[in-house]
Structure formats: C-alpha cells, structure tokens
Amino acid sequence: MRPKEFDEDAVADAAMRVFWRRGYAATSIQDLVDGTGLSRSSLYNAFDSKHGLYLLALKRYGEVGAANAARLMAPEPLRERLRALLMQVVEDELREQAGPGCLAANAALEAAGRDAAVDAALAEHFRQLEAALLQTLTEARDAGELPAAREPQALARFLMCTIQGLRVLGKGTARQDKEARLKDVVEVALSCLA
C-alpha cells in the first residue's frame, strides 16, 4: 500500500472551504477535486466518500471555532470579552465581500435531523462553544462580575444561540439595515449580563 502523499489537515481545510461556500448538497466531487487538488481516486481512497470528507471538514471547522472561543479567556472584563466575540461576528457579516457565514449553522440548516453523523458533529461543535461560554460566565459570576442570580448555563445557551442568530440574520438582512440590526442584537444580549 502506498503512503498518503498529501497533508490531511491541508485537504481538510480546502474541503472545508468548498463545503462552506457551496453547502453539502451543491458540492460535487469535481468541486472537491478542484478545491483540494487531489484526484477522485485519492479522495475516495483516503476519505471513502463525499460524506466522509464532509464530516472531516465539520470536525476541522470545530477546531477553528475552538481557537475563536479562546478570545473569551482574555484578561478584560466579562462584558468586553463578550462584546469582542459578538462584534467579531457582526464584523464578519458586514464585510463587503461577506463570507459564507458559519459552517455549523449552514450544516444545521441544510442537513441536521436527516443525518445522524452530521447531527453528532454539530452537537460536538455547539457543546464546545457552550462549554467555553459556560466556563467564562461561571468564572465571572464567582469573581462578582456577573450577578449571583444569573444562571451561567442558561446565559451560555442564550449567547450561543445569539451568535448563531447573528450569522443567520446577517445573511438575511438588507445591506442598509444590517449594521443597525446586528448591533441592536449585540446590545440586547449584553444587557442580559446585568
């Protein structure tokens, strides 16, 4: 058996970008060949199927998302850390050449509930984000930055939903209204910390 002649992480990144831009259903094997630079036979030999490569791309996206959640560990006050995280989402959505949004949200809208493996990958992605938010909020409550009456678990779930909602709203809002709408959502979400 010949050893792999490619970097699996680089292929996962390239496939992630293809699926992120096009979605699972609209992505053809030829799109993946073009995007990764691998031949069809190499893709099938290494990943078994388009679906196998999609699951790898979702896993890779989760790793990228975990790096973004590290922003929550900055030394600033809680409100500023959360504002920075939420405003990063807003800025992503306001770029002139807006990106394809959140791969996890896109996958949830496209395939969740119809594919157990995709559901499991998404559950893990959302679990990691919720865990990072929960840790941050719990530490803030213990340090007195968050009122004792605030439940960190419920707030973590709410903020996770807010992040995903900003991504979806960013895609479905007219350009002239987008900034004000997204910033309104951020301010209301931050008001829940009081």
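Me: Which residues does UniProt list for "domain: HTH tetR-type"?
Reply: The model discussed here is predicted. The annotation comes from an unreviewed UniProt entry. For "domain: HTH tetR-type", that entry lists residues 5-65.

Me: How far apart do the end C-alpha atoms of residues 5-65 lie?
Reply: The span is 77% helix and 0% strand. Its end C-alpha atoms are separated by 28 Å.

Me: How many helices and how many strands are there in the chain?
Reply: From the N terminus on, the elements run α-α-α-α-α-α-α-α-α. The count for the chain is accordingly nine helices and zero strands.

Me: Why are H1 and H2 described as oblique to each other, rather than parallel or perpendicular?
Reply: The axes of helix H1 (residues 8-22) and helix H2 (residues 29-36) come within 9 Å and cross at roughly 130°. Angles of 65 to 115 degrees count as roughly perpendicular, and those over 145 as roughly antiparallel. The crossing angle falls in neither class, so the two helices are oblique.

Me: Which residue classes make up the contact of H1 with H2?
Reply: H1 contributes Val-11, Ala-14, Ala-15, Val-18, Phe-19 and Arg-22, while H2 contributes Asp-31, Leu-32, Gly-35 and Thr-36. By class, these are six nonpolar, two polar and two charged residues.

Me: What percentage of contacts in the chain between residues at least 6 apart in sequence join residues at least 24 apart?
Reply: The C-alpha trace spans about 60 × 40 × 30 Å along its principal axes. Of the 194 residues in the chain, 40% are buried. For contacts between residues at least 6 apart in sequence, the share joining residues at least 24 apart is 66%.

Terms used: Residues are numbered from 1 along each chain as its sequence is written. This is a predicted model: local features need pLDDT of at least 70, side-chain atom pairs count only at pLDDT 80 or more; totals for chains, interfaces and linings use all residues. Side-chain values use heavy atoms; hydrogens and water are left out. Axes are lines fitted to C-alpha atoms, for helices over the stretch in contact, and angles run from 0 to 180 degrees between N-to-C directions. Helices (H or I, at least four residues) and strands (E, at least two) are DSSP runs, numbered from the N terminus. Angles under 35 degrees count as roughly parallel, over 145 as roughly antiparallel, 65 to 115 as roughly perpendicular and the rest as oblique. Contact means heavy atoms within 4.5 Å. Ala, Val, Leu, Ile, Met, Phe, Trp, Tyr, Cys and Pro count as nonpolar, Asp, Glu, Lys and Arg as charged, and the others, Gly among them, as polar. UniProt positions are given in the numbering used here, feature names are shortened, and annotations may be inferred rather than shown by experiment. Buried means under 20% relative accessible area, exposed over 50%, partly exposed in between (1.4 Å probe, protein chains only).
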